[in-house]
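Colleague: I would like a close look at a single part of this model, with the sheets and the core around it. Please take it step by step, in plain terms for a first-year student.

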Amino acid sequence: MKKDLLALGFIILAIALILSGTKFQTVDEYYLTHIDDITADSKTVTISIRCETIRDNWNNLVPELQSDEFVPQDGVILPETTYVLREGDTAFDIIDRAVRYNKIQMEYQGANLNSYGSVYIQGIHYLYEFSCGPLSGWMYRVNGVFPNYGCSKYELKNGDKIEWVYTCDLGRDVGCVWMGGEWNGQ
């Protein structure tokens with residue numbers, strides 16, 4: 001009887017030790033919050049998130065966001081950072097991993113919830129569409145070009161440079177001419 005109680009005590013102690021120091025995650029959660037080690041053979045991409053245009057349009061920003069907490073002085077929310085490119089990664093996959101790993105708030109609408117069939121980024125770092133005027137919101141460019149389709153449809157390749165930028169003027173202030181009325185459809 002004493003041996004049974006002693007064995008039961010060890011089992012309970014072992015379970016308590018395991019539970020107290022173990023963080024349970026699904027496989028997806030683990031890979032979304034853990035960055036792959038970059039090796040010499042790794043395919044990589046870089047990503048940055050910036051909102052310096054808001055500083056030039058400060059009076060249009062909703063008052064509750066007028067703080068360095070939401071809009072850093074230099075406009076940089078995430079400096080250019082390199083991530084391992086996994087097979088089939090899209091621009092959305094990289095920003096999703098980057099914000100989770102760096103604990104940056106992001107909200108998006110799933111591809112199945114809009115007519116474009118692609119994920120739509122609604123807000124990053126609490127800065128949302130229309131937070132800084134009626135023509136404001138997040139845009140992305142890859143290698144200096146603004147793709148004319150959703151970020152979850154843009155499959156990346158080795159060496160791509162992804163930039164998420166906040167526009168206050170429908171893209172004109174960040175160099176996107178197709179959103180500024182000059183786009184000719186090509």
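The answer below starts from the three-strand sheet and works outwards.

Modeller: Keep in mind from the start that this is a predicted model. The part I have chosen is an open sheet of three strands, arranged in the order S3-S4-S5 with antiparallel pairing. S3 and S5 are the edge strands, each with a single partner, so one side of each has no neighbour in the sheet. Strands of a sheet are held in pairs by backbone hydrogen bonds, and the pairing may be parallel or antiparallel.

Take the two pairings in turn. S3 and S4 run antiparallel and are joined by four bridges. One residue pair to look for is Glu107 with its bridge partner Gly123 in S4. On the other side, S4 pairs with strand S5 (residues 127–128) over two bridges, again in the antiparallel sense. Here Gly123 has Tyr128 in S5 as its bridge partner, and Ile124 stands opposite Leu127 in S5. If you follow Gly123, you therefore pass from Glu107 in one pairing to Tyr128 in the other.

S4 and S5 form a hairpin, with two residues between the strands. His125, in the turn, has a positive phi of about 60°. Most residues other than glycine have a negative phi. Two further residues are worth checking on this point. Phe130, in the loop between S5 and S6, has a positive phi near 70° and is not a glycine. Leu170, in the segment after S7, has a positive phi of about 55° and is not a glycine either. Leu170 is partly exposed, at 30% relative accessible area.

Next, look at the helix beside the sheet. H4 lies across S3 and S4 and runs at about 150° to S3. An aromatic pair also links the helix to S3: the ring centres of Phe92 and Tyr108 are 4.8 Å apart and their planes are at 70°, so the pair is edge-to-face. The cut-off used in that step is an angle over 60 degrees. Phe92 is in helix H4 and Tyr108 in strand S3 (residues 106–109), so this pair ties together parts that are 16 residues apart in sequence. How covered are the two residues? Phe92 is buried, with a relative accessible area of 9%, whereas Tyr108 is partly exposed at 33%. A search of the whole structure finds six aromatic pairs. Elsewhere, ring pairs join Tyr140, Tyr149, Tyr154 and Trp164 into a cluster.

Now turn to the core. The largest nonpolar core has 36 residues, and Leu127 and Trp164 have the most contacts inside it. The elements that each give two or more residues are strand S1 (44–50), strand S2 (76–84), helix H4 (91–102), strand S4 (120–124), strand S6 (137–142) and strand S7 (161–167). H4 gives the most, with six residues. Leu127 is the residue we met opposite Ile124. Leaving aside residues up to four places away in sequence, Leu127 touches residues including Cys51, Ile54, Leu61, Phe70, Gln122, Trp138 and Tyr166. A second, separate core of five residues includes Met139, Phe146, Val174 and Cys176.

Trp164 leads to another set of strands. In S7, Trp164 is the bridge partner of Ile49. S1 and S7 run parallel and are joined by five bridges. S1 also pairs with S2, in the antiparallel sense, over six bridges, and Thr46 stands opposite Thr82 in S2. Seven of the seven residues of S1 are buried. That covers both faces: Thr44, Thr46, Ser48 and Arg50 lie on one side, and Val45, Ile47 and Ile49 on the other.

Arg50 deserves a separate look. This residue is found in strand S1 and counts as buried at 19% relative accessibility; the cut-off for buried is under 20%. The side chains of Arg50 and Glu52 are joined by a polar contact of 2.9 Å. Not counting residues up to four places away in sequence, Arg50 touches Gly75, Val76, Ile77, Trp138, Arg141, Glu163, Trp164, Val165 and Tyr166. Trp164 in that list has been named before, for its contacts inside the largest nonpolar core.

Conventions:
Residues are numbered from 1 along each chain as its sequence is written. This is a predicted model: local features need pLDDT of at least 70, side-chain atom pairs count only at pLDDT 80 or more; totals for chains, interfaces and linings use all residues. Side-chain values use heavy atoms; hydrogens and water are left out. A nonpolar core is a set of buried Ala, Val, Leu, Ile, Met, Phe, Trp, Tyr and Cys residues joined through side-chain atoms within 4.5 Å. Buried means under 20% relative accessible area, exposed over 50%, partly exposed in between (1.4 Å probe, protein chains only). Contact means heavy atoms within 4.5 Å. Rings of Phe, Tyr and Trp (its six-membered ring) pair if their centres lie within 6.5 Å; planes under 30 degrees apart count as stacked, over 60 as edge-to-face and the rest as tilted. Two strands pair if DSSP finds at least two bridges between them. Axes are lines fitted to C-alpha atoms, for helices over the stretch in contact, and angles run from 0 to 180 degrees between N-to-C directions. A polar contact is a pair of N or O atoms within 3.5 Å; within protein, one must be able to donate a hydrogen and the other to accept it, and residues adjacent in sequence count only if both atoms are side-chain atoms.
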